[in-house]
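User: Please pick a single part of this protein and take me through it closely. A little context on the whole chain would be welcome before you zoom in.

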Amino acid sequence: MSETDPLLMIPGPTNLPPEVREALGGPGFYHRGELMGRLLERCTAGLRRLMGIGGDALILTSSGTGALEAAVTTFLSPGDRVLAVQAGKFGERLGEIAEVFGAAVTPCVFEPGWPADPDVIRRELAAADSRALLCAHNETSTGVTHPIGEIAAAARDAGAFTIVDCVSCLGGVPVQGDDWGLDAIVAGSQKCLMLPPGLAFVGVRDEAWAAAERATMPGYYFDLRRARESLRRGQTPYTPNTSLIAALAASLDLIEAEGLKSVFARHHAMAEAVRAGMQAAGLELFAREGCRSDTVTAVRAPEGLDTVELVRVVAERNDVLISGGQGELKGTIFRIGHMGLVRFEHIERTLQAVADGLANLGYECNGDEMVWAAAEAAGVGVS
Ligand code: PLP
């Protein structure tokens with residue numbers, strides 16, 4: 001990324017590393033040829049490691065929402081009783097998808113900014129006699145990471161199938177699909193995986209396929225049984241986005257070269273830096289302590305400041321893109337994505353740009369102080 005490129009600090013799409021850009025610009029190739037077979041093998045192995053599963057990692061040409069739909073329709077049937085954890089926009093979306101396809105959805109609602117409580121979920125699963133649990137691991141709209149391991153344990157004890165939306169955290173935080181018993185793990189290309197939008201992934205535990213044999217929701221393009229069958233032959237059922245698959249291999253190589261532990265530690269350090277920088281400016285973090293996401297931070301606006309304006313001013317004056325709030329939170333919070341290719345120099349540029357934007361809208365704060373606090377939190381030196 002050059003210093004003159006716009007800096008994407010939104011919670012996806014994210015900045016593209018040079019290696020990914022190069023792969024995207026490579027020659028065209030046959031989607032049923034040997035090269036595709038080799039790429040799919042490499043990519044699915046890398047995705048399985050990120051998901052912590054020994055089962056299948058399926059690659060779809062769609063955005064993340066398509067893969068959520070695929071997981072719902074492949075594993076559930078109309079009339080299934082489903083508990084949908086909702087504490088923000090993306091938990092709600094997952095429930096909506098299941099409802100559209102005829103599931104009997106019971107929402108399990110938590111206050112935005114708070115983590116979902118596994119004990120409450122355990123009780124609700126029993127009370128609603130649920131067959132499946134739907135949950136966003138990382139709720140991008142509020143900057144909360146839910147305790148998905150404990151939540152999945154409650155689902156397992158209740159015999160409920162788990163579909164987990166890891167769209168905004170896979171590749172940024174540990175996901176241990178097999179150990180935690182996540183049946184279907186959904187992710188997308190344009191977040192921690194440092195790719196443009198257009199690919200989505202579903203990881204399926206080996207044990208989870210039995211549910212697909214019974215499931216009767218309709219589906220064709222998004223039928224994961226077809227994707228699984230094709231993958232056995234080193235293919236996808238329909239023409240995939242070949243350039244993105246080549247770039248996915250490059251991105252997974254980068255992650256592998258850095259090492260998963262280092263990638264997660266870097267995400268954590270950059271998240272700590274953003275949080276400390278915002279707090280040094282006297283701003284309040286939206287998510288409660290203990291559940292704050294390592295890939296996206298939501299910040300409450302100072303009294304009387306409209307974050308739609310802030311987002312606009314920060315982009316206009318400094319070419320740094322951040323996000324506002326969604327739905328009910330529009331205007332009152334802003335969000336900074338720190339996923340994928342994010343190093344301290346990007347955090348520094350972002351904090352200075354936000355300080356400048358805030359000052360421009362009448363809220364005085366000191367960008368240098370924000371950067372110092374951030375550097376201390378991340379354990380890096382600044383000049
Ligand atoms: N789930 C989560 C947690 C997300 O953050 C997003 C997008 O931001 C989605 C689902 C939807 O993904 P897409 O926009 O790729 O369809």
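Analyst: **From the whole chain to strand β10**

Among contacts between residues at least 6 apart in sequence, 72% join residues at least 24 apart. Please keep in mind that this is a predicted model. The protein has 14 helices and 14 strands. Its radius of gyration is 21 Å, close to the 21 Å given by the globule rule for 383 residues, so the protein is as compact as a globular protein of that length. The C-alpha trace spans about 60 × 55 × 30 Å along the principal axes. Buried residues account for 58% of the 383. About 15,200 Å² of surface is accessible, and carbon and sulfur atoms contribute 49% of that. As for charge, there are 33 positive and 49 negative charges, and their mean positions lie 6 Å apart.

Now for the close look: the part I have chosen is strand β10, residues 199–204. Six of its six residues are buried, so the strand is largely enclosed by the rest of the structure. It helps to recall that side chains in a regular strand alternate between the two faces of the sheet. In β10, L199, F201 and G203 lie on one side, while A200, V202 and V204 lie on the other. Each of these residues is buried, which leaves both faces of the strand covered.

What pairs with β10 in the antiparallel sense over six bridges? That partner is strand β2, residues 56–61. Here D56 stands opposite V204 of β10. Strand β9, residues 184–188, also runs antiparallel to β10 and is joined to it by five bridges. In this pairing, A184 stands opposite V204. V204 is thus a handy residue to find on screen: it faces D56 in one pairing and A184 in the other.

For a second viewpoint, try T74 in helix α3, which covers residues 64–75. T74 has a relative accessibility of 0%, and the cut-off for buried is under 20%, so T74 counts as buried. Setting aside neighbours within four places in sequence, T74 is in contact with W209, A212, A215, F222, D223, L224 and R225. The C-alpha atoms of T74 and E213 are 8.8 Å apart, although 139 residues separate the two along the chain.

To return to the part in focus, β10 has antiparallel partners in β2 and β9, and buried residues on both of its faces.

Definitions and conventions:
Residues are numbered from 1 along each chain as its sequence is written. This is a predicted model: local features need pLDDT of at least 70, side-chain atom pairs count only at pLDDT 80 or more; totals for chains, interfaces and linings use all residues. Side-chain values use heavy atoms; hydrogens and water are left out. Helices (H or I, at least four residues) and strands (E, at least two) are DSSP runs, numbered from the N terminus. The radius of gyration is taken over C-alpha atoms; the globule rule is 2.2 Å times the number of residues to the power 0.38. Buried means under 20% relative accessible area, exposed over 50%, partly exposed in between (1.4 Å probe, protein chains only). Contact means heavy atoms within 4.5 Å. Accessible areas come from the Shrake-Rupley method with a 1.4 Å probe; for residues, only the protein chains shown count as cover. Lys and Arg count as positive and Asp and Glu as negative; His and the chain ends are not counted. The place of a charge is taken as NZ of Lys, CZ of Arg, CG of Asp or CD of Glu. Two strands pair if DSSP finds at least two bridges between them.
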